[in-house]
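User: Hey, could you walk me through this one? I'd like to start with how the helices pack.

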Amino acid sequence: MNRAELDSIRQAGPAILPSLLQCDFGNLQSEVERLSQAGTSVLHLDVMDGHFVPNLTYGMPIVAGLRRHTSLPLDVHLMISDPLAYAKAMVDAGADMLTFHVEAVDDAVDVAGQIRDLGVGVGLAINPDTPMSQLDGALDGVDMVLVMSVQAGFGGQSFNPVALDRIRDLRARFPDLLLEIDGGINASTIGPARQAGCDLFVVGSAIFSSDDYGVAIAGLNDAMASNQGAK
Ligand SMILES: O=C(CO)[C@H](O)[C@H](O)COP(=O)(O)O
Ligand SMILES: [Co+2]
């Protein structure tokens, strides 16, 4: 994803990104079709290595398989200890945006630069218990900050409101930075996250627990617009 494509995502307004973590992996193609029909504009893919986080998901073959069956942009959330070891393979597989964790690397600016050189958008993620000071001086070459509202590793966890203060703080300091939130987003938490200044909302459980993804996404958009939920 180049800068113009990222800008067009931002200009299109807030977007809900389904996280495939909770989907039916036995019917991946049909799940993606259902999400496309429900109005999805970007897919969020959670890659976990069983080392950076205590959970294991999938890697390049699934990203490549999705790429063959959809033209939707693929936003790949790398919850892995060595993002550079897999960055090129992920881009070759079809990733449009690669987000790595600030906790995983020694020099985030260097990693961001090497990912940017691969021709994709770059995101930097931060877990709820990591001090925000770790982002100081780390945002050069970063297109997006992913503020985790759960500890990375599992779907279905409860929203941590510390993420709201973080979004507010980043939005005030970086008006043009793309901000994404991930974890525990539902009809109660999406409104406050939008009000705090977030652009992209990753949603797993609150979509995949519904029989009708279109209804679930419409409900989340309504909740976001009416800003329901606790502050
Ligand atoms: O990165 C993640 C977990 O580490 C997932 O994107 C996230 O948890 C989505 O699932 P849910 O909406 O159920 O919290
Ligand atoms: Co994620």
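Analyst: Sure, and keep in mind that this is a predicted model. Let's begin with helix α4 (residues 83–93) and helix α5 (residues 108–116): their axes come within 10 Å and cross at roughly 15°. Angles under 35 degrees count as roughly parallel, so α4 is roughly parallel to α5.

User: Is that crossing of α4 and α5 left-handed or right-handed?

Analyst: Right-handed, going by how α4 passes α5.

User: And which residues in α4 and α5 meet?

Analyst: On the α4 side they are P83, L84 and A87, and across from them in α5 are V111, Q114 and I115. Sorted by class, that contact has five nonpolar residues, one polar and no charged ones.

User: OK, what about α3 and α4, at what angle do they cross?

Analyst: Roughly 25°, with the axes of α3 (residues 60–69) and α4 coming within 8 Å. With that angle, α3 also counts as roughly parallel to α4. The crossing of α3 past α4 is right-handed.

User: Which residues of α3 and α4 meet there?

Analyst: M60, V63, A64 and R67 are the ones from α3, and they meet A89, M90 and A93 of α4. By class you get six nonpolar residues, no polar ones and one charged.

User: Switching topic to ligand 1. How many residues are around it, and which come nearest?

Analyst: There are 22 residues around ligand 1, and the nearest are S19, A152, G155, G204 and S205.

User: Which helices or strands supply at least two residues of that shell around ligand 1?

Analyst: Two strands and a helix each do: β2 (43–48), β8 (200–203) and α8 (205–208).

User: What does the shell around ligand 1 have by class, in nonpolar, polar and charged residues?

Analyst: Twelve polar, eight nonpolar and two charged residues make up the shell around ligand 1.

User: Last thing, zooming out. How many helices and strands are in the chain?

Analyst: Nine helices and eight strands. The chain's radius of gyration is 16 Å, close to the 17 Å that the globule rule gives for 231 residues, so the chain is as compact as a globular protein of that length.

User: And what box do the C-alpha atoms fill?

Analyst: Taken along the principal axes, the C-alpha atoms of the chain fill a box of roughly 40 × 40 × 35 Å.

Definitions and conventions
Residues are numbered from 1 along each chain as its sequence is written. Chains are lettered from A and ligands numbered from 1 in the order in which they are written. This is a predicted model: local features need pLDDT of at least 70, side-chain atom pairs count only at pLDDT 80 or more; totals for chains, interfaces and linings use all residues. Axes are lines fitted to C-alpha atoms, for helices over the stretch in contact, and angles run from 0 to 180 degrees between N-to-C directions. Helices (H or I, at least four residues) and strands (E, at least two) are DSSP runs, numbered from the N terminus. Angles under 35 degrees count as roughly parallel, over 145 as roughly antiparallel, 65 to 115 as roughly perpendicular and the rest as oblique. A crossing is left-handed if the near helix is turned anticlockwise from the far one by less than a right angle, and right-handed if clockwise. Two residues are in contact if their C-beta atoms, placed from the backbone, lie within 7 Å. Ala, Val, Leu, Ile, Met, Phe, Trp, Tyr, Cys and Pro count as nonpolar, Asp, Glu, Lys and Arg as charged, and the others, Gly among them, as polar. A residue is near a molecule or strand if its C-beta atom, placed from the backbone, lies within 6 Å of it. The radius of gyration is taken over C-alpha atoms; the globule rule is 2.2 Å times the number of residues to the power 0.38.
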